[in-house]
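Subject: Structure handover

Hello,

Here is the structure we talked about, with the sequence alongside. My notes on it follow below.

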Amino acid sequence: MHTCPLCHSDDTHAYYEDAHRAYLQCQPCQLVFVNPEHRLNAQREKAFYDLHENDPNDAGYRRFLSRVCTPMLERIAPHSQGLDFGCGPGPTLSLMLEEAGHQVALYDIFYHPNAQALTTTYDFMTATEVIEHLHDPHRVWQQWLNLVKPGGWIGLMTKMVKDVDAFATWHYKNDLTHVIFFSRHTFEYLAERDQLELEFIGNDVILLRKPQ
């Protein structure tokens with residue numbers, strides 16, 4: 001069996017298989033992940049992202065992002081400095097946060113590969129519809145923790161696994177760039193392990209706070 005890419009446990013088992021990919025699940029952290037042999041290479045992955053049409057002037061897209069923006073604005077101090085990790089080709093959440101008086105740096109491995117942005121620390125960081133794409137979530141999770149100051153916030157958006165029956169008909173898994181799937185248990189596991197405050201807002205927003 002494959003090692004869990006998040007917690008590095010060897011206690012993994014077959015979870016589901018469809019015509020395109022096989023999925024495994026980690027017993028300790030409950031992460032569901034695609035067999036690494038079935039991932040896209042970077043070139044094909046970026047070709048999928050190039051099809052995304054994320055327009056900062058799209059009111060519907062702003063409403064979608066407000067699900068994480070609004071609760072984040074309720075929690076961070078005025079004039080905070082943040083990072084939008086995985087901002088994509090049309091950064092929009094950063095603009096919404098800047099319109100509220102905050103400063104937001106950008107990082108995206110394909111569209112804003114600004115390594116300098118990863119060398120400082122922030123009052124908050126966001127990653128919307130990013131976590132499900134990570135090939136090495138263990139490394140990136142540790143990176144996120146190091147990017148946020150004590151008492152700082154991490155705001156995430158991702159759809160979460162419920163159970164294998166729901167997974168079988170779940171459209172979210174059919175995106176071939178989606179390679180890992182968190183559940184509420186997965187976030188609870190990480191929050192307990194890393195001593196983070198954890199809040200779930202709705203079905204797809206996760207807020208975590210580092211201890212002071």
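How much space lies in the largest pocket? The answer is about 860 Å³. Please keep in mind that this is a predicted model.

Pockets

The lining of the largest pocket is made up of 38 residues, and those closest to its centre are Tyr49, Asp108, Glu129, Val130 and His133. Helix 1 (42-49), helix 2 (59-75), strand 4 (81-85) and helix 4 are the elements that give two or more residues to this lining. Sorted by class, the lining of the largest pocket holds 18 nonpolar, eleven polar and nine charged residues.

The second largest pocket has a volume of about 260 Å³. Among the residues that line it are Lys159, Met160, Val161 and Lys162, followed along the chain by Ala166, Phe167 and Trp170. Arg184, Gly202, Asn203 and Asp204 also belong to the lining of the second largest pocket. Its classes come to five nonpolar, two polar and four charged residues.

Cores

In soluble globular proteins, nonpolar side chains tend to be buried together. Here the largest nonpolar core has 45 residues, of which Trp141, Trp144, Leu156 and Phe181 touch the most other members. Helix 4 (residues 137-147) supplies the largest share of this core, with five residues. Apart from it lies another core, of 15 residues, including Cys69, Met72, Leu93 and Leu97.

What does Leu156 contact, leaving aside its neighbours within four places in sequence? Its contacts include Trp141 and Trp144, both listed with Leu156 among the core residues that touch the most other members. Leu156 is also in contact with Val68, Ala127, Ile131 and Phe187, and with Asp204, Val205, Ile206 and Leu208.

Strands 7, 9 and 10

Three of those contacts, Val205, Ile206 and Leu208, fall in strand 10 (residues 205-209), where four of the five residues are buried. Strand 10 pairs with strand 7 (residues 148-157) in the antiparallel sense over five bridges, and Met157 stands opposite Val205 there. Strand 10 also pairs with strand 9 (residues 197-201), again antiparallel and over five bridges. In that pairing Glu197 stands opposite Arg209, while Phe200 has Ile206 as its bridge partner.

Strands 9 and 10 form a hairpin with three residues between them. Gly202, in the turn, has a positive phi of about 65 degrees, and Gly202 is also one of the residues lining the second largest pocket.

The four-stranded sheet

There is an open sheet of four strands in the order 1-2-3-8, with antiparallel pairing. Strand 1 (12-17) and strand 8 (180-181) are at the edges with a single partner strand each, so one side of each has no neighbour in the sheet. Strand 1 pairs with strand 2 (residues 22-26) over five bridges in the antiparallel sense, and Tyr16 has Tyr23 in strand 2 as its bridge partner.

Regards

Note on methods: Residues are numbered from 1 along each chain as its sequence is written. This is a predicted model: local features need pLDDT of at least 70, side-chain atom pairs count only at pLDDT 80 or more; totals for chains, interfaces and linings use all residues. Side-chain values use heavy atoms; hydrogens and water are left out. A nonpolar core is a set of buried Ala, Val, Leu, Ile, Met, Phe, Trp, Tyr and Cys residues joined through side-chain atoms within 4.5 Å. Buried means under 20% relative accessible area, exposed over 50%, partly exposed in between (1.4 Å probe, protein chains only). Contact means heavy atoms within 4.5 Å. Two strands pair if DSSP finds at least two bridges between them. On a 1 Å grid over the protein atoms alone, a cavity is a set of points where a 1.4 Å probe fits but cannot get out, and a pocket is an open set with protein on both sides within 12 Å along at least five of seven lines; lining residues have an atom within 4 Å of a point. Grid points are joined across faces, edges and corners, and a volume is the space filled by probe spheres set on the points. Ala, Val, Leu, Ile, Met, Phe, Trp, Tyr, Cys and Pro count as nonpolar, Asp, Glu, Lys and Arg as charged, and the others, Gly among them, as polar.
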